[in-house]
Protein chains: 2
Amino acid sequence: MATSETDERSTKSLGVRNKTLREQVFDHLREEILSNRLTPGQELNELALSAELEVSRGPIREALGRLASEGLVKVTPRRGAVVAELTDEEFVEAYQVREALETLAIRLAVPRIEADELARLRELHEEMNEFVANDDTTEFFDANSAFHQQIVDASRNAKLGEHYRLLMAQMGRYLPRSLTLRGTIGSSPTEHAAILAAVEAGDPDEAARLLANHIEIPQRIEAGEGDAPQPALTAAEESEEQ
Amino acid sequence: MATSETDERSTKSLGVRNKTLREQVFDHLREEILSNRLTPGQELNELALSAELEVSRGPIREALGRLASEGLVKVTPRRGAVVAELTDEEFVEAYQVREALETLAIRLAVPRIEADELARLRELHEEMNEFVANDDTTEFFDANSAFHQQIVDASRNAKLGEHYRLLMAQMGRYLPRSLTLRGTIGSSPTEHAAILAAVEAGDPDEAARLLANHIEIPQRIEAGEGDAPQPALTAAEESEEQ
DNA sequence: CGTCAGTCAACTGTTGACAATCGGCAACCG
DNA sequence: CGGTTGCCGATTGTCAACAGTTGACTGACG
């Protein structure tokens, strides 16, 4: 990969230069997509990427294939790859799946949560309070993601973690854009506090109920109005992966 | 791909010769793994596959990458690919996720299920009754999978469908081997009947409760005893995909 | 006899070239 | 003037060769 690129953005992984080119390209593109530097719908030309990253097309193709498999790009057999976009419907669908996964996660987590994990949740909760007070939405969303991720991690279910990570990678880009979601920021700390209380009380059902409610609210609003995902220029229904 | 291979095994897809080699190899290997012709732990040598399928290593590598992304094979960076295996723990974990997904599915399905979908469920239920009577476990498991798949399809949530399909592709091979599962075959028809009744009655909560119970039973037994997945020769913890 | 270093074969990672296909453009025909 | 057909550029699909690494085998030394 380009030395300039490497020095510029992968400084943290300088010690781990054992990664294959395919992995580096994969990580690079994934990061570009998740950070919205590559916007949904944008075309990903193999030759252009090849030139830009100074890698032959082989690793590029393999990385694009993996990204397609994870739902971050969409590959049409002989017409190239584009950054995937979520329609309004898909966004709502994903939200429903997310609710199911997180509900399971907190049910599993409550009986087995460790002190340090609980402490981390409290810490993130405090941070979010500050971010809300300062009206710092970007930081808030990061902390919020970490909060929910922490619950999933505490469930100690790796398969659940995989599916959750996959789902959030697809949804993540759209969350901060959702105006309706932004409107719910104010009530989040209160709800998080209630969830924390239920977790500390060791009540899985109550924790799950509160969490479901917490997640469900924006979902309903989205379904009614619908401004979260972009207009979505009537993306083709079927891709090559089921 | 080899004409001999093509004539021999892909006769059904003769009309759809538009698929790329990568896709053909992917489908082929996927089928081989799901049908247990390729057993967990088996090494997948690129050169050998290349010779066997009469395709160069390029498409083979891409197909293996996709399969790795779906969790059907496990790729270790410079040591090749092997057919993935599920440890006892992973099997139980997957079962928990499955329960969460199917519970969501039936909740969504109940209010919107169509007459023909309901008919299909009844039909499969009848089939299973016969298969149980004839002690035809293989056919039973197929019908059982179709039954649960039908519920997921009826939910009309494509994202949910994706995750469910991914999960079942990983678990599917191990289900028929599970002796404890075989023991539950007898009670399945009764439970399916109860679920069907709840669906017909339009009671999502009751249907979800019954379905959760139905799925949960083998899960508990597995956790206690553990004979479903193979001994699993201490597979390495970390793979290249999170 | 056990252990360690050095060599070697096999395999994967990567590359550049070749071939096939698709979409757009322009010329031709009705 | 509108529609169709054939050509052309661009891009992806595939291949075969090269290069680097890994793990195992062999042989020597303690």
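Here are some notes to help you find your way around this predicted model.

1. **Chain A in outline.** Start with chain A, which has eleven helices and three strands. Reading from the N terminus, the order is α-α-β-α-α-β-β-α-α-α-α-α-α-α. Of the 242 residues in this chain, 38% are buried. If you take the contacts in chain A between residues at least 6 apart in sequence, 75% of them join residues at least 24 apart.

2. **Around DNA strand D.** This strand is surrounded by 16 residues, and the closest come from both chains: A:E46, A:G80, B:L21, B:S56 and B:G58. Looking at elements, α3 (46-53) of chain A and α2 (21-34) and α4 (57-69) of chain B each bring at least two residues to this surface. Its make-up is five nonpolar, five polar and six charged residues.

3. **Around DNA strand C.** Here 17 residues surround the strand, with A:L21, A:S56, A:G58, B:E46 and B:G80 the closest. At least two residues each are supplied by α2 (21-34) and α4 (57-69) of chain A, and by α3 (46-53) and α4 of chain B. Sorted by class, the surface near strand C holds five nonpolar, five polar and seven charged residues.

4. **Where the chains meet.** Chain A puts 26 residues into the contact and chain B puts in 26 residues. On the chain A side, the elements giving two or more residues are α4, α5 (88-112) and α8 (158-171). The biggest giver is α5(A), with nine residues. This side of chain A has eight nonpolar, eight polar and ten charged residues.

5. **The cores.** The largest nonpolar core has 63 residues, and those with the most contacts inside it are A:L101, A:A105, A:A207, B:L101, B:A105 and B:A207. Zoom in on A:L101: leaving aside neighbours within four places in sequence, A:L101 is in contact with A:L160, A:H163, A:Y164, A:L167 and B:A100. Another core, of 20 residues, lies apart from the largest one, and its members include B:F26, B:L44, B:L64 and B:A68.

6. **Helix α6 of chain A.** This helix covers residues 115-134, and its 20 residues should span 28 Å at 1.5 Å a residue; the end C-alpha atoms are 29 Å apart, which agrees. Which residues of α6(A) are buried? They are A:L121, A:L124, A:M128 and A:F131. These four sit on the same side of α6(A), because they cover an arc of only 85° around the axis. An α-helix has 3.6 residues a turn, so residues three or four places apart point the same way. On the other side of α6(A) you'll find the exposed residues A:A115, A:D116, A:A119, A:E126, A:A133 and A:N134. The cover over the buried residues includes α7 (137-154) and α10 (188-200) of chain A. Just after the helix, A:D135 has a positive phi of about 60°.

7. **Helix α7 of chain A.** The length check works here too: 18 residues at 1.5 Å a residue should span 26 Å, and the end C-alpha atoms of α7(A) are 25 Å apart, which agrees. The buried residues in α7(A) are A:F140, A:A143, A:N144, A:F147, A:H148, A:I151, A:V152 and A:A154. Among the elements covering them are α5, α6, α8 and α10 of chain A. A:R156, which follows α7(A), has a positive phi near 60°.

8. **A:E54, a loop residue to look at.** A:E54 sits in the loop between α3 and α4 of chain A. Its phi is near 55°, which is positive although A:E54 is not a glycine. Is A:E54 buried or partly exposed? With 13 other C-beta atoms within 10 Å, A:E54 is partly exposed.

9. **B:S35 and B:N36.** In chain B, the loop between α2 and β1 (43-44) holds B:S35. B:S35 counts as exposed, because it has 10 C-beta neighbours inside 10 Å. From B:S35 to B:N129 is 94 residues in sequence and 24 Å in space, C-alpha to C-alpha. B:N36 lies in the loop between α2 and β1 of chain B as well. B:N36 is partly exposed, with 14 other C-beta atoms within 10 Å. Phi of B:N36 is positive, near 70°, in a residue other than glycine.

Terms used
Residues are numbered from 1 along each chain as its sequence is written. Chains are lettered from A and ligands numbered from 1 in the order in which they are written. This is a predicted model: local features need pLDDT of at least 70, side-chain atom pairs count only at pLDDT 80 or more; totals for chains, interfaces and linings use all residues. A residue is near a molecule or strand if its C-beta atom, placed from the backbone, lies within 6 Å of it. Ala, Val, Leu, Ile, Met, Phe, Trp, Tyr, Cys and Pro count as nonpolar, Asp, Glu, Lys and Arg as charged, and the others, Gly among them, as polar. Two residues are in contact if their C-beta atoms, placed from the backbone, lie within 7 Å. The expected span of a helix is 1.5 Å times one less than its number of residues. A residue is buried if 20 or more other C-beta atoms lie within 10 Å of its own, exposed if 12 or fewer, and partly exposed in between; C-beta atoms are placed from the backbone. The arc is that of the directions from the helix axis to the C-beta atoms. A nonpolar core is a set of buried Ala, Val, Leu, Ile, Met, Phe, Trp, Tyr and Cys residues joined through C-beta atoms within 7 Å.
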